[in-house]
Amino acid sequence: MKIIDAIPRIAGLVAMGVLFLMMSLTVADVFLRAALSKPIIGATEITEQMMVAMVFLGLGWCALQGKQIRVDLFVSRYSPGKQRVIDLITYGVGLILVAMMCWRTFMATLTVQQLGITCSYIEVPKFPFYALAAFGWAVLFVAMASLFVKRIKDGAER
Amino acid sequence: MNAELVGLTGVVMVVVLLLFFRMWIGLAMAFVGFLGILYLQGFKQAFGVVGTVPYETVAYYPMAALPLFVFMGVIVGNTSMGEDLYDAAYKWIGMLRGGLASATVLACAVFAAITGSSATGTVLMGKVALPQMRRYKYDDTIASGCIASAGTMGILIPPSMGLILYGLLTEQSVGKLFIAGFFPGLLLTILLILTITITTAFRPEVGPAGPKTAFKVKVSSLKKTWHVVLLFLLVLGGIYGGIFTPTEAGAIGAFGAFVIVAITGQLTRKIFMDILKEAGWTSAMIFLIIIGAFIFMKFLGISKLPFALVKIIEQFQVSKYVVFAGIILLYIVLGMFLEVYSAVTFTIPIIYPVIVALGFDPIWFGVIFVLVIEMGLITPPVGMNAFILGGMTGIPLQTIFRGIVPFFLAMLVCIFLLTIFPEIALFLTRTM
C-alpha cells in the first residue's frame, strides 16, 4: 500500500513545484512588461498548460490526504457498518467515473494529436498536456483505489 | 420525461448524493452531469463532455487566479501578520467596552484584505484573540460569536475566493467583483462593531473594557502592520489601476507575501514545504469541484432548466424583489447544509440566469451572494466557522451559535442596505 500511495504523493510534489514556477513566471512577465515593456512571449499559454500539470497531478495526493469536501451531516449518524457500505458504494461509483474520465481524456489526447492542435501563439502541441491530464486522472484512480481498500480493511478490523 | 424535468431530477440527485451518500461534491456533480447528458443526448455527447471539459476548464488563463490567491492566503496564514494586526487593533480600541471583540472584528477585516478564505481568519483569531478576551473576563458567547462571524469576512473583502469562483462561473470580471466587495466589506465591519457596541451597552458584563494603552505604544504598534498595508495596496491597487489582471495580482500577491516572509525571517524550509503542500491540496480540492461544476453546467444548459425556471418566475408576475428575497432565503437554508464551494458551484448555474433575467446587476449580486454564503458559514447545523472554532477552543457549539445570532442579524441588515443602496457596491466599479 505504501508503494501505491507513493505515486500520488510524487505526482503531488511535482504539482506543487509547478505552482511555484507558475507564480514565478507570472511575476517575471508582469515585471518585464511593466519595467522594460518586454513581456514573456506566450506567458499566458504557458501558464494555461502549467495549470493542467498543477491541477491534474495534484488531484491524487489531495484525495489521499482526505481534503476533498463531502457533507457529513446525515451519514455520520448511521451505524459504522452502514457508513462503510455507503462509503464503498460512493468510492466504487467514483472509481468508475474517474476511470471513464481517464479513458476519455486519453482518447481526446489521440484526437488532438491526430488533428495537430497546438497552442495558438507558442505553437507547442497540446496533446502532451492532454496526456498529462489523463495521467492525472489515473493517479486519482490509484489514490481512490487505495482509499477503497483501506475502507474495506477498516471494516474487517472491526 | 422532458428535458427540464430531467434537469430537475439531476439537481435532486446531486443533493441526495451529497447529503445521504457523502459523495465528494466534485464527483457528485460530474457523475450526475454525465448521466444527464447521456440520457438527453446519448453516449457520444456524454463521452465527449467528460473527455474534453476537464482539460478545457483547467487550461483557461483566468482560472490561474484561484491557485495563486490560495497560495498567497496560505503564505499569509503561516506568518505573524494576523497576530500583529490584532495587536495593533487591540492597542487602539481594546480599552473601550467590548473593545477586544471590536479589535477582533477590525483585525479580521484587515486580515481578510490579504487572504481570501474565512477559515484562516477564524483559526488565527481563535488562537490570538480568544485567550485575550478570556483574560479580561469576556463572556464566551460574545467572544466566540464575534470571532466566527468576523472570520467570514475573508470571503467578502477582496481578494476573495468566493468572488473569484463566482466570477469564473458567471464570466463576470473578477477585478470588478473585487472592487465591488470593498465597501460592502467595510460596511459589514462597521455593522459588526456596532453590534458589539450595542450588546455591551445593554450587558456590560459580557465585554468589559481592556487595558489602557499610551498613545506612543498605540502608534508604535502600527509599525508592525506595514506589510499588510503594502500587500493590500499592491494587489488591489494593481487591479484598480489597471497595472495587472486579477490573475497576475494573485501571483504578485503571493510573491510579495513570500518576500515579506523571507525578509522578516519567518521562512524556514519546513514552512516553505508546508505552504506549498497546503496550497497544492487546496487548489486540487477546489478544481475537482470546478470540473464537476462545469460538467454539471453543460448538463443543465442542455436540459434548459434554468430558462424554464426564469419563465415560471415571469409567469408569477411578482415584484423582482420578492423573488430576490426568496432566493436569499433559499441560500440561507442551503448554507445550513452546504459549505462555501459546494453552495457556489452547485447553485450558480441555476440561480444566475434568473438574477440576470430579473434585471439585477450581476456584479452587485456577486457581492450579495458571497454575503449570504458567509451567513451559511455560521448557521447550524453545518456552520463551518463555528465547527472550526469549537474544535480548536473546546467552546460548546450551542454557545457559539447563540453568540452568532446578533452578528447574523447584522449581516441581514447589511444585505438589506446593499439592496436598497446597490451603489455601495457598484460606485467604485464605475470609476474603473
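Which residues does A:Asp87 touch, not counting residues up to four places away in sequence? In this predicted model, the partners of A:Asp87 are A:Arg70, A:Arg151 and B:Arg22. The list therefore takes in residues of chain A and a residue of chain B, with contact meaning heavy atoms within 4.5 Å. A:Asp87 sits in helix H3 of chain A, which runs over residues 80-115. With a relative accessibility of 2%, A:Asp87 counts as buried, because the cut-off for that class is under 20%.

B:Arg22 leads on to the contact between the chains. In chain B, 58 residues are in contact with 61 residues of chain A. The two chains bury an area of about 5,300 Å² between them, and carbon and sulfur atoms give 80% of this area. B:Arg22, B:Trp24 and B:Tyr55 supply 19% of the area that chain B buries against chain A, which is more than any other three residues.

A:Val75 is another residue of chain A that touches B:Arg22. A:Val75 belongs to the loop between H2 and H3 of chain A, and its relative accessible area is 0%, so this residue is buried. Apart from neighbours within four places in sequence, A:Val75 is in contact with A:Gln83 and A:Ile86 in its own chain, and with B:Leu19, B:Phe20, B:Phe21 and B:Arg22 in chain B. Sequence separation says little about the distance from A:Val75 to A:Ile40: the two are 35 residues apart in sequence, and their C-alpha atoms are 51 Å apart in space.

A:Ile46 gives a contrasting case. The C-alpha atoms of A:Ile46 and A:Val124 are separated by 9.3 Å, with their positions 78 residues apart along the chain. A:Ile46 is part of helix H2 of chain A, residues 43-64. Its relative accessibility is 30%, and A:Ile46 therefore counts as partly exposed. Leaving out residues up to four places away in sequence, A:Ile46 touches A:Leu25, A:Ile41 and A:Ile122.

Before H2 in chain A comes the loop that links helix H1 (2-36) to H2, and A:Ser37 is found there. The phi of A:Ser37 is positive, about 55°, although this residue is not a glycine. A:Ser37 has a relative accessible area of 59% and is exposed.

Within chain B, a pair of helices shows how packing is built up. Helix H8 of chain B (residues 140-151) and helix H10 of chain B (residues 174-202) pack at an angle of about 170°, and their axes are 11 Å apart. At that angle H8(B) is roughly antiparallel to H10(B), because angles over 145 degrees fall in that class. From H8(B), the residues in this contact are B:Ile142, B:Cys146, B:Ser149 and B:Ala150; from H10(B), they are B:Leu192, B:Ile196, B:Thr199 and B:Thr200. By class, five of these residues are nonpolar, three are polar and none is charged.

H8 of chain B also has a part in covering helix H19 of chain B. In H19(B), residues 384-393, the buried residues are B:Asn385, B:Ala386, B:Leu389, B:Gly390 and B:Thr393. Viewed down the axis of H19(B), these buried residues fall within an arc of 130°, so they line one face of the helix. The spacing fits a general rule: an α-helix has 3.6 residues a turn, so residues three or four places apart point the same way. The cover over the buried residues of H19(B) includes helix H7 (118-135), H8 and helix H20 (397-420) of chain B. After H19(B) comes B:Gly394, with a positive phi near 80°.

H20 of chain B contains B:Thr399. B:Thr399 has a relative accessible area of 12% and is buried. Beyond four places in sequence, B:Thr399 touches B:Asp140, B:Thr141 and B:Ser144.

Two loops of chain B hold backbone features to check in the model. In the loop between H8 and helix H9 (161-170) lies B:Pro159. The peptide bond from B:Pro158 to B:Pro159 is cis, with omega near -5°. B:Lys304 is located between helix H14 (269-303) and helix H15 (305-316) of chain B, in the loop there. B:Lys304 has a positive phi near 60° and is a residue other than glycine. At 48% relative accessibility, B:Lys304 counts as partly exposed.

Terms used: Residues are numbered from 1 along each chain as its sequence is written. Chains are lettered from A and ligands numbered from 1 in the order in which they are written. This is a predicted model: local features need pLDDT of at least 70, side-chain atom pairs count only at pLDDT 80 or more; totals for chains, interfaces and linings use all residues. Side-chain values use heavy atoms; hydrogens and water are left out. Axes are lines fitted to C-alpha atoms, for helices over the stretch in contact, and angles run from 0 to 180 degrees between N-to-C directions. Helices (H or I, at least four residues) and strands (E, at least two) are DSSP runs, numbered from the N terminus. Angles under 35 degrees count as roughly parallel, over 145 as roughly antiparallel, 65 to 115 as roughly perpendicular and the rest as oblique. Ala, Val, Leu, Ile, Met, Phe, Trp, Tyr, Cys and Pro count as nonpolar, Asp, Glu, Lys and Arg as charged, and the others, Gly among them, as polar. Buried means under 20% relative accessible area, exposed over 50%, partly exposed in between (1.4 Å probe, protein chains only). The arc is that of the directions from the helix axis to the C-beta atoms. Buried area is the accessible area (1.4 Å probe) that two parts lose on being put together, summed over both.
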